[in-house]
Amino acid sequence: MDTPLLTVDHLSFGFHDRPLYSDLSFTLARGSMTSLIGANGVGKTTLIRLIMGQLAPQTGTITQAADMRLGYVPQFRNIDPEYPLSLRSFIQLNQRRHWHPWHTTGEQRELDAVIAECGLTARQHQLLGKASGGEKQKAYLAQALLTRPNFLILDEATASLDINTKTELMTLVRELNRQRDLTVLFVTHDLELARAYTDQYLLLTPAGHELRATTEMDAAHMPAELRPTEEVR
Amino acid sequence: MFAYEFMQNAFLASTFIALTTGIVGVFVTARGMSFLAHTLSEIGFAGAAFAVFVGIRPLDGMLLTTILSSVTVGKLSVRASRREASISAVSSLFTGLGILFLALSAKSSSYATTILFGSIIGISRADVWQLIGLAASVLVTMSLAYRALAFDSFDAVGAQAQGLRRNLIGIYFLLILAVSVSIGAQIVGSLLVFILLTLPPSVAKYLGRTLPQMLAISVGTALIGVWAGLVLGYYTNWPVTFFIAAIECAFYFGALLIHRRRD
């Protein structure tokens, strides 16, 4: 069997007066699709910062596979309606293999491919500031994909979207997961999406954590904040 | 017109300055730093006045003060809640210092006009070479840092997520902004240097859709403004700065109108 892409072993971390995890252990297999769920303030974003190496574990270890290439799609983006660049130009910002200002034909082709993969070809010359929420999220995703990651972290990517757009975006992520053998960690509050589109979930609660297959998910045992009835947007 | 060396000098210097401010300006507006450009120009005014007082060239004094203060002023303006008050405080202090140095050097009126409103007609060939050298240093380093600078300026969150060294990029940009403000002030003066650093890029923001388009529009708008300003100034004997300001404003409102129509 392949080595896992990410192994978290007996990790503990907390801020001064607020311990977050005391003994967190889990592994993410290559090509797996995992939801990271938990109430606000339980430490989901902190866990991501630990995985990304922006914070150091207080005890325990986080081991990345040698070939892990991380792509991260952050939760908040400050794109105002007057934002001047097209979707294509925005996505291209992350193309940094060469240093020179002009982009090579090879880079343009690579960009075309990612834009097509994310279903944005027809809309690529549209201004990002005027794009819909779903198109914006796809553009953020495409931008992160340009560096050819094999591990993608999506931080609340669907939070502000309507139900159809959520489904469309998650279908795309699922396809990328299969076609690129992309390991996905999907941070969400949405149990329905977690169940429908990811294989397993990592639930963080103040009392501890659990990693299970989404087929075993029992909404009734979830923290109140996460239950579907309260998730009407 | 081009038979006169002072007009050759003016055109040569203006071309390089417009090229630099047109390009740097696109990043100034993308980073939301127009106000900072304005503050740096007031600091530059104090520096130029100080230079007059101690007997060095105004441009050198301006470069010295803007470069030394740029990083500090940049830090002061990071937090939006404090930005306006801090910036106003710094601006008034330096404007006051500028007036003080001019008064102490007892050359106030003509020098004040020159520093505040520019004097591109009448610069020497040696000045031209210095301006071209400064412009080239900004443009060459920018071409090396272009992709990182573009990412950080147009998508700070994404750049952060991709692990770019944003602090370093921020400091580098403040330094080239300081140089751009100082050289831009040689044409239109420190009071109006933000014309060149903010109006052409704003036109570009309304009309362009890609970064290369924006850079081309911004540089084009800046160049047309300074060239036409020099020609009109030559034939009318009115101040070049007036024409540049009027032309850039016309471009700006024209672009705004087109932008509104499209929406």
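Two strands count as paired here if DSSP finds at least two bridges between them. Keep that cut-off in mind for the first stop. The model is predicted.

**Stop 1: strands 1 and 2 of chain A**

Select residues 6–15 of chain A, which form strand 1. Then add residues 18–28, strand 2 of chain A. The two strands run antiparallel, and 7 bridges join them. Now pick out one facing pair. A:Leu6, in your first selection, has A:Leu28 of strand 2 opposite.

**Stop 2: the rest of the sheet**

Add residues 59–64, strand 4 of chain A. You now have an open sheet of 3 strands in chain A. Its order is 2-1-4, and the pairing is antiparallel.

Which strands stand at the edges? They are strand 2 and strand 4 of chain A. Each has a single partner strand, so one side of each lacks a neighbour in the sheet. Look along the sheet for its twist. On average, neighbouring strands are turned by 25° against each other, direction ignored.

**Stop 3: the helix across the sheet**

Select residues 44–51 of chain A. This is helix 1. What does helix 1 lie across? It lies across strand 1, strand 2 and strand 4 of chain A. Against strand 1 of chain A, helix 1 runs at about 125°.

**Stop 4: two domains in chain A**

Colour chain A by domain. Domain 1 takes two stretches, 1–69 and 149–233. Domain 2 is 84–148. Taken over C-alpha atoms, the centres of the two domains of chain A are 26 Å apart.

Next, show where these domains touch. Domain 1 of chain A gives 10 residues to the contact, and domain 2 of chain A gives 10 residues. Select helix 5 of chain A, residues 163–179. Helix 5 supplies 4 residues, the largest share of the domain 1 side. By class, that side of domain 1 has 6 nonpolar, 2 polar and 2 charged residues.

**Stop 5: a hairpin in chain A**

Select residues 200–205 and 208–213 of chain A, strands 8 and 9. A hairpin of 2 residues links strand 8 to strand 9. The strands run antiparallel, with 6 bridges between them. Label A:Leu202, then look opposite. A:Leu211 of strand 9 is there.

**Stop 6: where chain A meets chain B**

Finally, show both chains. How many residues does each chain bring to the contact? Chain A brings 18 residues and chain B brings 19 residues. Colour the chain A side by class. The side touching chain B holds 10 nonpolar, 6 polar and 2 charged residues.

Notes
Residues numbered from 1 in each chain as written. Chains lettered and ligands numbered in written order. Predicted model: local features only at pLDDT ≥ 70, side-chain atom pairs only at ≥ 80, totals over all residues. Contact = placed C-beta atoms within 7 Å. Nonpolar A, V, L, I, M, F, W, Y, C, P; charged D, E, K, R; others polar. Axes fitted to C-alpha atoms, helices over the stretch in contact; angles between N-to-C directions. Domains from an automatic or database assignment.
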